[in-house]
Every structure is written in C-alpha cells, then in structure tokens.
Amino acid sequence: MIRHLKTARSEELRAEDDAKVRATVEGILGDIEKRGDAAVRELSEKFDNYSPEKFRLSEQDIERAMSQVAKRDIEDIKFAQVQIRAFAEAQRASMTDIEVETMPGVILGHKNIPVQSVGCYVPGGKFPMVASAHMSVLTASVAGVPRIVASAPPQNGEPHPAIVAAMHMGGAHEIYCLGGVQAVGAMAIGTETVEPVHMLVGPGNAFVAEAKRQLFGRVGIDLFAGPTETMVIADETVDAEMCATDLLGQAEHGYNSPAVLLTNSEKLARETMDEIARILTILPTAETAAKSWEDYGEVIVCDTYDEMLEVADDIASEHVQVMTDRDDWFLENMTCYGALFLGPRTNVANGDKVIGTNHTLPTKRAGRYTGGLWVGKFLKTHSYQKVLTDEAATTVGEYGSRLCMLEGFVGHAEQCNVRVRRYGGRNVPYGAAAEPLTDAAE
C-alpha cells in the first residue's frame, strides 16, 4: 500500500504560475526579435540594473575578473574541471564513427559532428552557479564545438569573477555579462552585436526555462528544465538526519523545488519530518528551503521495495538519492530519473559541483524520455551512404523502385529506375516499377 504523509501543492496552482511566465516570456522574446540590442539593453537595465558600454567581455575584462578570484577558489575550480573533463572525454571516446558494407558494393556509415555554435547560460540570481559553467562550457569544448558563447547575469553591477573564471577555463570563446530571458533571447535570436547560435544549453529560473521552450525549433536545446527536484529513497539503514539534510540541501535552491522522501519505514518518515523542522531553525537558507518544503515537499511510505520502485519511476525525479540495503537493485531496475546517487557516502551536492557527472538534468518527469546534458548532446550523428558497383546500384534500385511505387511516389521511383537502366542495362518503362531480374528474364 502506498500512502502520503505529506503532499505537495496542487497541479492547478503550478499551471497558473506557468501560464503567467509563458505570457511574460513571449512578450520579451518578441521585443528582442523586433528591436535587437536596444531591447536587450533595456531589459538588462530593468531586471539587473546593468548597462555597460559592451555586454561582451574583452580579454582585459576577463583577466580583471579572474584576478579577483582567490587562489584557493581557482584551484578548486581546476579540480572540478579535471573531474568533469575526464568523464566527458570517456563519454566522447565511446561515440565512434562507423562505416560498414551491408551488402557487396553498398557502404553505409555515420559521423558524429559537433554542433557548430552553442550558447551556454549560467544562472546567477540568488546563487551564482559557478558549477554550471563547467557543465555546459567545458562539456561543449570536449565535444569539439568550434564556437562556445557563455553568458551569466551581473552580480552587484559587475560580472561575477568566479563564473567568468570558470567559463574562461572551461573553453568559452565569447563571454557576455547578461542574465535571464534577455541573455538566451540574444544568443538564440541574435542582435546587431550578438551572432545567433545553433543551440542553447544550461539551467535557469522559470523564465529562462520557458524562453528555451519557446525558442526550441529555432535553435536546439539540451532539455526542458524546471526547478531543481530531489528524491531520497531510504530504508532504516540510514537515519533521519541524513535524509532531512539531503532533502533540504536541494530544497534551498528555490521556493518551488520539489523534495520527496520515499521510504518503506513510517518510523523513518516521521522522524525525518521532525528533523526537517529542527534543521529549518538553524539553516541559513531556511526562508527559501522552508517555503519549498511547505509547498512542494512530499513524504511517501510504501510497504515494499517494488512499490518504492514503481513510485520512483512514476515521479521520475531529477536527482534520486538511494540509501537502502539494495542500492544496486535500484540501479539495475530504475528506468526513469535524471541521475542516481547511490549509497549514503554519495550525495547530490557532490554531483552538482565536483564529482564529474553533469548536473544539468531532466525535470518535470522528462526523465521518462531523456537523460541529462552530456558530451553527446553537442554531437549530431549524421549518416551517409555510397553505392560502389553497377550490380549493387541495380539490385537496390529494383527494390527501391517497387517500394516507391507501392507508396505512390512515381518521381521517387524514377530516381531508382534511372540507375537500373544505366547501370543494369534494363529497359524499365518510364513511371513503372522495375520488375525483378528473374521475372524479366522469363
């Protein structure tokens, strides 16, 4: 039996929030398309109180920003980027070009080609997301993207030094100090001074996520992302302090970050709820985390591990932390999630910041049909084909001719027929299906 000790806000209230965001973003993107740089500057002044001579940082601007970053912080950024680069390079090595001869004289293959320009958005509102620069910029660099544009909002009227450092060290070719919808709009639509990109990646607030949704098709995107989500799957092999800490550690992201405890122990569930109440009295970010937990927190108790698996796959949370006596069983059997964090020694914060996997992950149940950002998202797999012999051109052409006529595509069939005539010496009437050679001989 599955029972809820605590439920989240209704979907109707979430839908109302989404509708307001949708209308606002639509107006902003339309203004950017119509007025270009002028609209971007007005939006930056309105939302960030920032209007420099140029939004793109010069080499001197980058050097000045990096000089403000403490040596220890630079070393920490380097460490994180080494881990992320190593995993991305291993992933890239797993993606190989192929070429096979499927029948004599017929060569088929594919090539993995990098997207030619990418816009990487790095959030910097309440929390400057330095790690997001590693996840997008560096991963695009490993994929071989030849033009990487990175943008983040100003902090206290200036580019955030550590974010600039992470972007530069990750391999960004152009760095802008622009935030919000005006940033992703400028990168995707283009302005007088910003050349448009082919793809947008990176997390952001609800307005940035909606902007990416509306721009999808005009440009590619990594995935549809919403507020950070976390799920803790736990049994009595761990305690309430561990569960509560891991839930609130993600709930502090924003006022609408879902955090779910899924357990087969009602005792652990109730103790965790009590522990959350205690930690919220001492957590410096409690104002945000408490609101998020109040409106979007859930506690679900199941009788069996199979029920826990069923619920977890249905929710398809972005971050799923598994702390049970059978962590590898969940790894083997779970199918819908953003990323798994297995065992009590593992935690989402390490995944977000340093361990090496990518933290840009699917939310709002998108884990049912996609994984997160990785080096493969920046690569397009393009197929090609070559027919090398007269015999192959004739054989494939015969089948192609008949199958095209089966669908009523006479012009398609003639593409096949002209090859059968020229390379097979066959007299195929115009607009007719090519008969099998054996039939023609009879």
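Helices (H or I, at least four residues) and strands (E, at least two) are runs assigned by DSSP and numbered from the N terminus. With that in hand, welcome to a predicted model of a protein chain that holds 17 helices and 14 strands. Of its 442 residues, 50% count as buried. The notes below go through the sheets, one covered helix, the voids, a buried glutamate and the cysteines.

**Overall picture**

- Taken along the principal axes, the C-alpha atoms of the chain fill a box of roughly 90 × 60 × 45 Å.
- If you look at contacts between residues at least 6 apart in sequence, 73% of them join residues at least 24 apart.

**The parallel sheet**

- Five strands make an open sheet in the order 6-5-4-7-8, and their pairing is parallel.
- The edge positions belong to strand 6 (174-177) and strand 8 (220-221); each has a single partner strand, so one side of each is left without a neighbour in the sheet.
- Strand 5 (residues 148-152) runs parallel to strand 6, and 4 bridges join the two.
- To find this pairing in the viewer, start from Val149, which stands opposite Glu174 in strand 6.
- Helix 7 (residues 180-189) packs on this sheet, where it touches strand 4 (118-121), strand 5 and strand 7 (199-201).
- The direction of helix 7 makes about 170° with that of strand 4.

**Helix 7 itself**

- How many of the residues of helix 7 are buried? The count is 10 of its 10 residues, and the helix is described as mostly covered.
- The buried residues of helix 7 are Gly180, Val181, Gln182, Ala183, Val184, Gly185, Ala186, Met187, Ala188 and Ile189.
- Just after helix 7 comes Gly190, with a positive phi near 90°.

**The antiparallel strands**

- Strand 2 (residues 98-103) and strand 3 (residues 106-114) run antiparallel, with 5 bridges between them.
- Within that pair, Val100 stands opposite Leu108 in strand 3.
- These two strands form a hairpin with 2 residues between them, and there Gly105 takes a positive phi near 90°.
- Strand 3 is also joined to strand 14 (residues 379-387), again in an antiparallel arrangement, by 9 bridges.
- A handy landmark for that pairing is Asn112, whose bridge partner in strand 14 is Thr381.

**Cavities**

- The structure has 3 cavities of 30 Å³ or more, and the largest of them holds about 50 Å³ of space.
- Which residues line the largest cavity? They are Leu57, Ala152, Pro153, Pro159, His160, Ile163, Val164, Met167, Ile175, Tyr176 and Cys177.
- Helix 6 (161-170) and strand 6 each supply at least two residues of that lining, and strand 6 is also one of the edge strands of the parallel sheet.

**The second largest pocket**

- This pocket has about 320 Å³ of space.
- Its lining has 20 residues, and those nearest its centre are Phe87, Ala339, Thr357, Asn358 and Leu361.
- Helix 4 (71-93) and strand 13 (339-342) each give at least two residues to the lining of the second largest pocket.
- The largest share, 4 residues, comes from helix 4.

**A buried glutamate**

- Glu398 lies in helix 15 (residues 390-406).
- Is Glu398 buried or exposed? Its relative accessibility is 9%, under the 20% cut-off, so Glu398 counts as buried.
- Leaving aside neighbours within four places in sequence, Glu398 is in contact with Val420, Arg426, Ala434, Glu435, Pro436 and Leu437.

**Cysteines**

- A disulfide is a covalent bond between the sulfur atoms of two cysteines.
- Here the cut-off matters: a pair counts when the cysteine sulfur atoms are within 2.5 Å, and by this rule the model has 0 disulfides.
- Cys120 is in no disulfide, and the nearest cysteine sulfur, that of Cys177, is 16 Å away.
- Cys120 counts as buried because its relative accessibility is 0%.
- For Cys404, the nearest cysteine sulfur belongs to Cys416 and is 4.4 Å away; Cys404 is in no disulfide.
- Cys404 has 15% relative accessibility and therefore counts as buried.

Notes: Residues numbered from 1 in each chain as written. Predicted model: local features only at pLDDT ≥ 70, side-chain atom pairs only at ≥ 80, totals over all residues. Heavy atoms only, no water. Buried < 20%, exposed > 50% of the residue type's maximum accessible area, 1.4 Å probe, protein only. Pairing = 2+ DSSP bridges. Contact = heavy atoms within 4.5 Å. Axes fitted to C-alpha atoms, helices over the stretch in contact; angles between N-to-C directions. 1 Å grid on protein atoms, 1.4 Å probe; cavity = no way out; pocket = protein on both sides within 12 Å on 5 of 7 lines; lining within 4 Å. Points joined across faces, edges and corners; volume = space filled by probe spheres on them.
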